[in-house]
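Got your viewer open? Let's walk through this structure one selection at a time.

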Amino acid sequence: MATPAPDVPKAIKVEHVSITYQTALQGKQTLVGTLSRLRRRRKIVKEIRAVRDVSFEVPRGSVLGIIGHNGAGKSTLVRAMAGILPPTEGRIEVHGRVSTLLALGVGFDRKLTGRQNVVLGGLASGLSRAELADKYDEIVAFAELEEFMDLPMRTYSSGMQSRLAFAVAVTMAPDILLIDEALSTGDARFKRKSFNKMRELCSADRTIVIVSHAMKSMRELCDEVIWLHKGQIKMYGPPQKVIKAYSKFFSIDVDEDPAEEDVVSEEDV
Amino acid sequence: MSTDVTTPAHDPAATHDPWADALEREVNVYEPHKVGLPPIGDYLRELWGRREFAFELARTRLRTQNYGTVFGMTWLVLSPLMLGLVYFLLVSIIRGGHRPEGFLAHLLGCIFAYYLFSDAVRPASRSVVGGGRLINNTAFPRSLLPLAAVGTSFMRFLPTLPVLAVILVATGRPIDANVLWGIPIIVEILLLTAGVSMFFAALQVYFRDLGNFLPYLMRMWLYTSPILWLVDQVPEQHQWLVYLNPLAPMLAAWSDAVTAGTAPHPAWLIGGLAWGIVALVAGGLFFISREREFAVRL
């Protein structure tokens, strides 16, 4: 796939974006905890600079891959593009309706049925009832969960949950699809099916951003790849080149265990 | 219900130029914020645009609490009714059997109205913390979560109204045009409930043990409201104290209009409206100014 011509309008513009957030070192913040800390005058928040001065553009209709090891800021960046986390500095401009397939998957209440979760999740992300009614059967058919939709989601296996999440995200036909670590879901057959669906979406005029460790599929699907390292762009370019450099970087990085990760990623899809 | 009518722009098979609709597409810009408010106009538009989500969530919650069946509906009415009877017994014992005229109707009517408030605030305070998966995955106005809890509570409140009517008739209270004053009073209670719900929902994100403290606060709120007692029993020089409790003027007016069948005192109506608006604006602004931070706090 060739890099799109420069006059193609941009779907996503990310300009000098930094994302810093504070997390409590203690698991949860409590009233009692805060009062006792006030007395001891101790602060227990840690500042995390997840993304540092990142700029790039995604032309409409192209597929961008984001790679990098765990904690490199990939998920944070994708959440910022989805409008879930506001950037601390910089600006993100998104043209079009976004559908997200993020690591946490579909459904926010495991006590509710699959059907209720699909409807509520769809309405929350801005779809109309008519659109949902139209697409519902297609989602269920793709996920192959016909007889499970009226059962509470706590009865679903993790594979079934991710199948449903994938089906919702790809069926909703958004302008922009953001996918975080969700390329390889379900059993081998469903993996194949979802990969084919991804390839179909990627070759259609869809703007897609994929975060994944599955290098083989990234090489096949993406037009361009960003390598994120400690919150900064280490490399940006055609997939072959970036992935090659990335793999090489890990084989000399003695602190990590690249061999194992590589094996996994090569086998994924 | 046809696909072609609702989503023509997204059909990849469409023959039109894919970039032609560039100007019509929605554009979102995400920029940094301090602890401040997003543009309120845009926020409210977005909120209104996603209202179906809050309705659906309210309905779904009601149904999963087993209130979809007639049997479940019975409990919806029975539990405030039984609580009211327990308090009636308690007050009768404490007062040695003396009670004001029409006290049973007043007590039950006010308990039902109080339930509209407290049944929303408790689940609403958990709504943001409990909605972590959705908040981490989807961008939408977060205030829809506590507002859905208010919606559920209102749906639970409605079937208690016919029961209240039966009680009024059974205790010989007249039902006349003054009952219609109940409608603006319910609106006032809903304004207050929405404001308090959003306030506690946001506060719970920062103080996770709020849930331990809230039942006691709600219990105090019950006792300091004119439910187990009548506003008329408060000595003249202490009447102003009633206005310190936002719920008190509303319930005083409610008791007048619905259970006593008289036009409520204008001061109570106005006092209740003032509290309702103050609570909604203050609670709403607190929530909205904080909500963009929720995704990293959960």
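**Stop 1: a helix in chain B**

Start by selecting residues 266-290 of chain B, which form helix α12. This helix has 25 residues and reaches 36 Å from its first C-alpha to its last, close to the 36 Å expected at 1.5 Å a residue. That expected span is 1.5 Å times one less than the number of residues. Helices (H or I, at least four residues) and strands (E, at least two) are DSSP runs, numbered from the N terminus.

A word before you go on: this is a predicted model, where local features need pLDDT of at least 70 and side-chain atom pairs count only at pLDDT 80 or more, while totals for chains, interfaces and linings use all residues. Residues are numbered from 1 along each chain as its sequence is written, chains are lettered from A and ligands numbered from 1 in the order in which they are written, and side-chain values use heavy atoms, with hydrogens and water left out.

Which residues of α12(B) are buried? Among them are B:Trp268, B:Leu269, B:Gly276, B:Ala279, B:Phe287 and B:Ile288. Here, buried means under 20% relative accessible area, exposed means over 50%, and partly exposed is in between (1.4 Å probe, protein chains only).

Now show what covers those buried residues: the cover includes α2 (40-49), α5 (103-130), α7 (144-157), α9 (182-206), α11 (247-260) and α13 (294-297) of chain B. Contact is counted when heavy atoms are within 4.5 Å.

**Stop 2: all of chain B**

Zoom out to chain B, whose secondary structure comes to 13 helices and 1 strand. Of its 298 residues, 47% are buried. Take the contacts in chain B between residues at least 6 apart in sequence: 82% of them join residues at least 24 apart.

**Stop 3: the sheet in chain A**

Next, select the strands β5-β6-β7-β3-β8-β9 of chain A: in that order they make an open sheet of 6 strands, with mixed pairing. Look for the edge strands, β5 (98-101) and β9 (232-237) of chain A, each of which pairs on one side only. Neighbouring strands of this sheet are turned by 15° against each other on average, direction ignored. Two strands pair if DSSP finds at least two bridges between them.

Zoom in on β6 (residues 176-180) and β7 (residues 207-211) of chain A, which pair in the parallel sense over 5 bridges. What stands opposite A:Leu178 in β7(A)? It's A:Val209.

Two helices belong in this view as well. Add α5 (residues 158-171) of chain A, which lies across β5 and β6 of chain A and runs at about 165° to β5(A). Then add α6 (residues 188-203) of chain A, which packs on the sheet and touches β3 (63-67), β6 and β7 of chain A; the direction of α6 makes about 140° with that of β7(A). For these angles, axes are lines fitted to C-alpha atoms, for helices over the stretch in contact, and angles run from 0 to 180 degrees between N-to-C directions.

**Stop 4: where the chains meet**

Show both chains: 58 residues of chain A are in contact with 48 residues of chain B. The area buried between chain A and chain B is about 4,900 Å², and carbon and sulfur atoms give 58% of that. Buried area is the accessible area (1.4 Å probe) that two parts lose on being put together, summed over both.

How many salt bridges are found across the interface of chain A and chain B? The rule finds 3. A salt bridge is a side-chain nitrogen of Lys or Arg within 4 Å of a carboxyl oxygen of Asp or Glu.

Click on A:Arg129 and B:Glu52: they form a salt bridge, the closest N and O atoms being 2.4 Å apart. B:Glu52 lies in helix α3 (residues 51-67) of chain B and A:Arg129 in helix α4 (residues 129-143) of chain A, so the pair joins two chains. B:Glu52 is partly exposed, with a relative accessible area of 29%, and A:Arg129 is partly exposed at 32%.

Add B:Glu56, whose side chain meets that of A:Arg129 in a salt bridge (2.7 Å, N to O). B:Glu56 is buried, with a relative accessible area of 9%. Select B:Arg59 too, and you have a network of salt bridges linking A:Arg129, B:Glu52, B:Glu56 and B:Arg59.

**Last stop: back in chain A**

Finish with A:Glu144 and A:Arg189, whose side chains meet in a salt bridge (2.5 Å, N to O). This pair links distant parts of the chain, 45 residues apart: A:Glu144 is in the loop between α4 and α5 of chain A, and A:Arg189 is in helix α6 of chain A. A:Glu144 counts as partly exposed at 24% relative accessibility, whereas A:Arg189 is exposed at 52%.
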